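Work through the exercises below with the sequence and the model open. Each task is followed by a solution in steps.

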Amino acid sequence: YVLTNNNEDLSDLGEFSQFIINVSQPHYSTFIIEEPEENLFPITQYNLVKHIFKTLDNGRDNTLVITTHSPYIMSSVNNLIQACNIISKDENAVAYVEDILHYVPKFSYEEVCAYSLKSGYIESISCDEYKLISADSLDMASDVISSDFERLLNYEGN
């Protein structure tokens with residue numbers, strides 16, 4: 001780009017500015033999001049996950065790291081993985097997925113890693129058989145809470 005000192009023609013500056021923006025933007029980014037569920041209702045967590053993935057699915061080589069204690073965040077990611085699994089098996093399912101998610105994810109299960117920290121050890125919670133995050137790991141607390149509630153409901157008294 002050649003810029004002139006002619007103050008009357010600033011159109012070159014607009015083009016030059018856009019050129020600088022395009023060149024300076026990285027072809028990849030790493031995003032680390034800690035506890036995105038904080039102060040959010042479950043449906044908002046789901047919508048946030050879809051928005052984050054849709055935003056990062058921009059043709060660049062982005063990496064996303066999320067730390068969470070929320071089964072809703074993990075289940076939301078699983079929904080996106082399952083959508084990708086469906087599309088990888090049947091390209092005609094794109095409209096079906098888009099109708100449900102209002103977005104068509106463009107990554108694969110193989111690009112996702114999920115881990116849990118148990119007793120000081122890192123453990124993979126990916127399930128290669130179903131190509132999803134292990135359902136057993138998603139919400140163990142709900143199983144315990146439901147079981148206790150069921151037992152309380154069954155109390156017959158004296």
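**Exercise 1.** Locate Ser-119 and decide whether it is buried or exposed.

Solution. In this predicted model, Ser-119 sits in the loop between S3 and strand S4 (121-124). Its relative accessibility is 73%. Exposed means over 50%, so Ser-119 counts as exposed. As for the backbone, Ser-119 is not a glycine, yet its phi is positive, at about 50°. For context, most residues other than glycine have a negative phi.

**Exercise 2.** Treat Glu-35 likewise: find its place in the chain and its exposure class.

Solution. Glu-35 lies in the loop between strand S1 (30-34) and H2. Its phi is near 50°, a positive value in a residue other than glycine. Relative accessibility is 21%. The buried class ends under 20% and the exposed class begins over 50%, so Glu-35 is partly exposed.

**Exercise 3.** Classify the packing of helices H3 and H4 from their axes.

Solution. Helix H3 covers residues 71-89 and helix H4 residues 94-101; their axes come within 9 Å and cross at roughly 165°. Angles over 145 degrees count as roughly antiparallel, and H3 and H4 are therefore roughly antiparallel to each other. The handedness of this crossing is right-handed. On the H3 side the contact uses Leu-80, Ala-83, Ile-86 and Ile-87, which meet Val-94, Val-97 and Leu-101 of H4. Sorted by class, that contact has seven nonpolar residues, with no polar and no charged ones.

**Exercise 4.** Do the same for H2 and H3.

Solution. The axes of H2 and H3 are 9 Å apart, at an angle of about 45°. This makes H2 oblique to H3. The crossing is right-handed. H2 contributes Pro-42, Gln-45, Tyr-46, Val-49, Lys-50 and Phe-53, and H3 contributes Tyr-72, Ile-73, Ser-76, Val-77, Asn-79 and Leu-80. By class, the H2 to H3 contact has eight nonpolar, three polar and one charged residues.

**Exercise 5.** How many aromatic pairs does a search of the whole structure find, and which parts of the chain are linked?

Solution. The search returns one aromatic pair. Its members are Phe-53 and Phe-107, 5.3 Å centre to centre with 40° between the planes, which is tilted. Phe-53 belongs to helix H2 (residues 42-56), whereas Phe-107 is in the loop between H4 and strand S3 (115-118), so the pair links distant parts of the chain, 54 residues apart. Phe-53 is buried at a relative accessible area of 15%, and Phe-107 is buried at 15%.

Key
Residues numbered from 1 in each chain as written. Predicted model: local features only at pLDDT ≥ 70, side-chain atom pairs only at ≥ 80, totals over all residues. Heavy atoms only, no water. Axes fitted to C-alpha atoms, helices over the stretch in contact; angles between N-to-C directions. Helix = DSSP H or I, 4+ residues; strand = E, 2+ residues; numbered from the N terminus. Parallel < 35°, antiparallel > 145°, perpendicular 65-115°, else oblique. Left-handed = near helix turned anticlockwise from the far one by under 90°. Contact = heavy atoms within 4.5 Å. Nonpolar A, V, L, I, M, F, W, Y, C, P; charged D, E, K, R; others polar. Phe/Tyr/Trp six-rings, centres within 6.5 Å; stacked < 30°, edge-to-face > 60°. Buried < 20%, exposed > 50% of the residue type's maximum accessible area, 1.4 Å probe, protein only.
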